[in-house]
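Trainee: I should be grateful for a close look at a single part of this model. Please take one strand and its neighbours, and then turn to a pair of packed helices.

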Amino acid sequence: MREVVEKLSKEFELSVEETELIVSTLLRRPRFELYFRKSADHNIVNLLRMELTQLKNGVPIEYITKQVQFLRYTLKIFPGVFIPRLETEYFVELIVKLIDFVPERVCEIGTGCGAIAIALAEALPQSEIIATDISTLALENARENISLLNFAHRINLIRADMFSAFSKGIFDLIVCNPPYIPTERILSLPKSVRDFEPRNAIDGGFGGIEFIKRIIDRAKYYSVDSKCNVALEIDDDEVITLESYLRNESVNYFFLKDLFGRYRYLFVGNFRKNGE
């Protein structure tokens with residue numbers, strides 16, 4: 001197998017270390033196991049070559065392996081469903097750390113593969129989790145992950161455009177990783193994101209805050225006693241604009257940074273501001 005790794009490394013202009021990492025991911029084996037086998041099946045080598053070609057053409061490795069790691073979960077990811085990032089892992093940890101109440105009913109808007117809903121279902125065992133998405137593909141993906149991880153009794157999946165399926169005044173907490181990339185920046189995104197991930201999961205409209213504002217505007221109508229408790233991911237460049245908008249909303253809010261020092265999270269409502 002060492003010979004195969006070295007050959008593929010030269011063929012695709014990668015370092016041996018990079019090739020080892022990619023091949024071990026594609027084969028779903030620890031890197032050290034690659035060298036337990038003295039030779040590789042011809043069909044496996046051809047498959048690896050095809051998959052590396054896709055990777056070189058910009059296809060995200062998660063779509064090739066059809067899996068993604070999120071916190072302690074290994075989740076299935078369908079090509080065409082938004083891929084959860086490291087920043088969202090920290091987002092979930094912050095929500096659990098900063099929440100100042102026990103939510104009876106939590107709504108996640110735009111669940112994608114179900115990553116946030118699954119993590120919150122485990123972290124908030126007393127809460128009912130309702131996860132929505134407008135994409136039937138995403139809901140199929142989420143349903144499979146939720147079933148495999150035995151959370152089907154804790155998470156209700158609903159196809160909806162934001163709050164369209166709900167009565168007013170029913171949620172204690174609303175969570176969303178919305179599309180927040182400004183439309184004017186979409187073309188500058190890496191090819192793997194721009195050409196392969198779903199546009200409606202990344203394009204936040206002009207300035208990137210159209211979806212964010214819609215959620216905040218409507219959240220109070222769907223929150224218990226009109227108490228707007230909302231946790232959102234945002235883009236660092238949107239803080240000034242969002243702060244100007246929120247000052248007129250008469251709500252408590254604060255922004256927090258991600259692990260890379262960029263403002264990435266917006267908390268509106270009843271949260272403890274001690275995460276920085």
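Mentor: Let us begin with one residue of a strand, bearing in mind that the model is predicted. Val175 stands opposite Ala231 in strand E7. Strand E7 covers residues 230–233, and 3 bridges join E6 to it, the two strands running parallel. Val175 also has a partner in strand E3, for it is the bridge partner of Glu108. Strand E3, made of residues 105–109, is joined to E6 by 4 bridges, and this pair likewise runs parallel. Strand E6 is therefore paired with E3 and with E7, since two strands pair if at least two bridges are found between them.

The side chains of E6 itself deserve attention. In a regular strand the side chains alternate between the two faces of the sheet. Within residues 173–176, Leu173 and Val175 point one way, whereas Ile174 and Cys176 point the other way. All four of these residues are buried.

Now to the helices. Two packed helices are described by the angle between their axes and the distance between the axes. Helix H2 (residues 16–27) packs against helix H3 (residues 42–56) at an angle of about 115°, and their axes are 11 Å apart. Because of that angle, H2 counts as roughly perpendicular to H3. The crossing of H2 and H3 is right-handed. On the H2 side, the contact is made by Ile22, Val23, Leu26 and Leu27; H3 contributes Ile44, Leu48, Glu51, Leu52 and Leu55. Sorted by class, this contact has 8 nonpolar residues, no polar ones and 1 charged residue.

Conventions
Residues are numbered from 1 along each chain as its sequence is written. This is a predicted model: local features need pLDDT of at least 70, side-chain atom pairs count only at pLDDT 80 or more; totals for chains, interfaces and linings use all residues. Side-chain values use heavy atoms; hydrogens and water are left out. Axes are lines fitted to C-alpha atoms, for helices over the stretch in contact, and angles run from 0 to 180 degrees between N-to-C directions. Angles under 35 degrees count as roughly parallel, over 145 as roughly antiparallel, 65 to 115 as roughly perpendicular and the rest as oblique. A crossing is left-handed if the near helix is turned anticlockwise from the far one by less than a right angle, and right-handed if clockwise. Contact means heavy atoms within 4.5 Å. Ala, Val, Leu, Ile, Met, Phe, Trp, Tyr, Cys and Pro count as nonpolar, Asp, Glu, Lys and Arg as charged, and the others, Gly among them, as polar. Buried means under 20% relative accessible area, exposed over 50%, partly exposed in between (1.4 Å probe, protein chains only).
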